[in-house]
Amino acid sequence: MVFDPTPIRRCVCFNVTFEELSEAGVATLEEASERFGCGTKCGTCRPYITKMLVTGETAFSIDADVSQAA
Ligand code: FES
């Protein structure tokens with residue numbers, strides 16, 4: 001098995017990848033919640049989706065700095 005340095009790639013609660021959100025043209029966290037449910041259950045994905053919307057990244061390391069993200 002190959003080590004994945006960026007294992008955070010999806011909203012686990014709704015099994016939606018950040019790449020899928022990006023490809024769907026999601027522009028806001030609210031839109032991700034309304035269309036896919038992302039962020040409406042445990043909320044762990046919320047800062048990562050927010051960072052994705054700013055940077056365009058769709059995969060994050062476990063120590064990614066998302067402290068400035070909502
Ligand atoms: S991981 Fe997205 S709501 Fe739980």
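**Close-ups of a three-helix, two-strand chain**

**View 1. The whole chain, read from its N terminus, runs β-β-α-α-α**. That gives 3 helices and 2 strands (DSSP runs, numbered from the N terminus: H or I of at least four residues for helices, E of at least two for strands). This is a predicted model, in which local features need pLDDT of at least 70 and side-chain atom pairs count only at pLDDT 80 or more, while totals for chains, interfaces and linings use all residues. Residue numbers start from 1 along each chain as its sequence is written.

**View 2. The overall dimensions of the protein chain.** The C-alpha atoms fill a box of roughly 35 × 25 × 25 Å along the principal axes. A compact globule of 70 residues would have a radius of gyration near 11 Å, and the chain agrees with its 11 Å (taken over C-alpha atoms; the globule rule is 2.2 Å times the number of residues to the power 0.38).

**View 3. The buried residues of helix α3, residues 46-55**. Here you will find Tyr48, Ile49, Lys51 and Met52 (buried means 20 or more other C-beta atoms within 10 Å of a residue's own, with C-beta atoms placed from the backbone). They sit on the same side of α3 because they cover an arc of only 160 degrees around the axis, an arc of the directions from the helix axis to the C-beta atoms. Their cover includes α1 (18-23) and α2 (29-36). Across the protein chain, buried residues make up 23% of the 70 residues.

**View 4. Glycine 56, just after α3**. Glycine 56 takes a positive phi of about 85 degrees.

Note on methods:
Buried ≥ 20, exposed ≤ 12 C-beta atoms within 10 Å, placed from the backbone. Contact = placed C-beta atoms within 7 Å.
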